[in-house]
Amino acid sequence: MSRLAVIGAGAMGEALIAGWLASGIPSSDVVIVDAHEPRVREIEERHGVTGVSLDEAAQADTVVLAVKPHQVDGILRAAADSLGESSLVVSIAAGVTLAQLQGAAPGRAVVRVMPNTPALVGKGMAGIVRGERATDEHVARVRGLMGAVGKAVVIDEGHLDALTALSGSGPAYVFYVAEAMIEGGVHQGLTRAEATELVTQTLVGSAAMLAETGKSATQLREMVTSPAGTTAAALRALDDHGVRAAFLDAIEACRNRGLEMGKG
Ligand SMILES: NC(=O)C1=CN([C@@H]2O[C@H](COP(=O)(O)OP(=O)(O)OC[C@H]3O[C@@H](n4cnc5c(N)ncnc54)[C@H](OP(=O)(O)O)[C@@H]3O)[C@@H](O)[C@H]2O)C=CC1
Ligand SMILES: O=C(O)[C@@H]1CCC=N1
């Protein structure tokens with residue numbers, strides 16, 4: 001296995017590291033860089049990977065940029081001279097375009113990836129965008145890495161902000177719904193622990209039905225909704241509160257924010 005560097009060991013960087021190690025990538029093949037020394041020590045202790053300098057990380061075969069979007073340009077410029085001849089730069093930063101990445105690392109092979117935090121448990125969903133200097137081998141390498149922690153699709157850059165609005169940010173919407181459902185259960189007299197168990201297993205079971213039955217979300221919702229029954233009463237309340245429209249607006253706002261971030 002070739003050497004893998006993760007620059008920025010925050011929430012998403014750590015989720016990827018944990019997922020990759022669980023998939024069988026040896027910890028000795030993974031190096032990290034983070035601005036905070038205590039964070040480096042924490043990740044080293046938790047995962048057995050090694051903290052190194054930016055220059056050393058830049059020499060890895062695959063260099064994953066997992067810092068905040070506004071930090072990408074400066075860090076990539078600082079690392080550019082140390083990148084190995086055949087190093088592949090993979091940016092997971094929302095909104096940072098291939099053109100911007102290529103401008104910071106001229107002549108280098110660059111790929112954009114939009115992962116999501118379920119990579120931590122091997123259930124991630126990632127979008128991959130190929131830069132003009134990336135070869136078939138580079139794309140296959142990134143597919144392999146992202147496939148090791150979930151599913152991966154190759155898409156056009158023009159669709160990456162829309163993908164971000166569904167799968168990149170999507171886990172937050174699901175957790176938001178989970179929080180609200182748990183709160184609803186507590187309001188009805190259940191303990192928080194009871195409500196959490198009921199909601200968690202309901203989400204797990206519902207996601208498995210979507211993934212495994214081949215039925216659409218609409219068909220699966222209809223299976224639950226008995227005529228004039230309890231579910232219909234609940235869905236009526238959701239419609240009265242405009243929840244469906246709120247999701248449409250949320251997804252549009254997310255995509256627009258990605259586009260805005262890409263303009264610098
Ligand atoms: N969180 C998510 O679900 C997803 C995030 N992403 C993308 O991943 C990237 C990281 O997001 P997230 O993990 O949430 O953010 P975090 O802030 O949790 O992680 C970024 C980490 O990089 C560190 N860092 C900052 N500057 C440097 C530097 N010069 N060298 C090394 N490390 C540095 C940060 O330190 P400090 O706090 O001091 O800045 C922080 O620890 C973003 O670009 C985001 O768009 C993509 C998909 C999903
Ligand atoms: O909130 C963000 O900007 C990042 C990108 C996708 C998920 N989290």
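Two strands are taken as paired if DSSP finds at least two bridges between them, and the legends below, which describe a predicted model, use pairing in that sense.

**View 1. The whole chain, with its helices and strands.** The secondary structure of this predicted chain comes to 12 helices and 8 strands. Taken along the principal axes, the box filled by the C-alpha atoms is roughly 65 × 40 × 30 Å. Of the 264 residues, 32% count as buried, and among the contacts between residues at least 6 apart in sequence, 65% join residues that are at least 24 apart.

**View 2. The open sheet and its edges.** The sheet is open and is formed by 8 strands, which follow one another in the order S3-S2-S1-S4-S5-S6-S7-S8 with mixed pairing. Strand S3 (50–51) and strand S8 (150–154) each have a single partner strand and stand at the edges, so one side of each is left without a neighbour in the sheet. At the S3 edge, strand S2 (residues 30–33) runs parallel to S3 and is joined to S3 by 2 bridges, with Val-31 standing opposite Thr-50 of S3.

**View 3. Strand S5 and its pairing with S4.** Strands S4 and S5 run parallel and are joined by 4 bridges, and in one of the pairs Leu-65 has Ser-91 of S5 as its bridge partner. Along S5, Leu-88 and Val-90 point one way while Val-89 and Ser-91 point the other way, and all of these residues are buried.

**View 4. Helices H4 and H6 against the sheet.** Helix H4 (residues 69–80) lies across strand S1 (4–7), strand S4 (62–65) and strand S5 (88–91), and the direction of H4 makes an angle of about 150 degrees with S4. Helix H6 (residues 136–147) also packs on the sheet, where H6 touches S4, S5, strand S6 (109–114), strand S7 (124–130) and S8. The direction of H6 makes about 170 degrees with that of S7.

**View 5. The surroundings of Val-49.** Val-49 is found in the loop between helix H2 (37–47) and strand S3. Although Val-49 belongs to a loop, this residue counts as buried because 25 C-beta neighbours lie inside 10 Å, and 20 are enough for that class. Apart from neighbours within four places in sequence, Val-49 is in contact with Ile-17, Ser-27, Val-30, Val-31, Ile-32, Ile-43 and Glu-44. One of these contacts, Val-31, is the residue that stands opposite Thr-50 in S3. From Val-49 to Gly-258, which is 209 residues away in sequence, the C-alpha to C-alpha separation is 31 Å.

**View 6. The shells around ligand 1 and ligand 2.** Ligand 1 is surrounded by 26 residues, of which the closest are Gly-8, Gly-10, Met-12, Ala-93 and Ala-94. Helix H1 (11–22) and helix H4 each supply at least two residues of this shell, and the shell around ligand 1 divides into 15 nonpolar, 8 polar and 3 charged residues. Around ligand 2 the residues are Ala-94, Thr-164, Gly-168 and Ser-169, which divide into 1 nonpolar, 3 polar and no charged. Ala-94 is thus listed among the closest residues to ligand 1 and also around ligand 2.

**View 7. Helices H8 and H9 and the glycines that follow them.** Helix H8 (residues 170–187) has 18 residues and reaches 26 Å from its first C-alpha to its last, close to the 26 Å expected at 1.5 Å a residue. Just after H8, Gly-189 takes a positive phi of about 100 degrees. Helix H9 (residues 192–212), with 21 residues, reaches 30 Å between its first and last C-alpha, which is close to the 30 Å expected at 1.5 Å a residue, and Gly-214, just after H9, has a positive phi of about 80 degrees.

**View 8. Exposed alanines at Ala-228 and Ala-253.** Ala-228 lies in the loop between helix H10 (217–224) and helix H11 (230–240), and its phi is near 55 degrees, a positive value in a residue other than glycine. Ala-228 counts as exposed because 7 other C-beta atoms lie within 10 Å, where 12 or fewer place a residue in that class. Ala-253 lies in helix H12 (residues 243–262) and is likewise exposed, with 12 other C-beta atoms within 10 Å. The C-alpha atoms of Ala-253 and Asp-240 are separated by 22 Å, the two residues being 13 apart along the chain.

Notes: Residues numbered from 1 in each chain as written. Chains lettered and ligands numbered in written order. Predicted model: local features only at pLDDT ≥ 70, side-chain atom pairs only at ≥ 80, totals over all residues. Contact = placed C-beta atoms within 7 Å. Axes fitted to C-alpha atoms, helices over the stretch in contact; angles between N-to-C directions. Near = placed C-beta within 6 Å. Nonpolar A, V, L, I, M, F, W, Y, C, P; charged D, E, K, R; others polar. Expected span 1.5 Å × (residues − 1).
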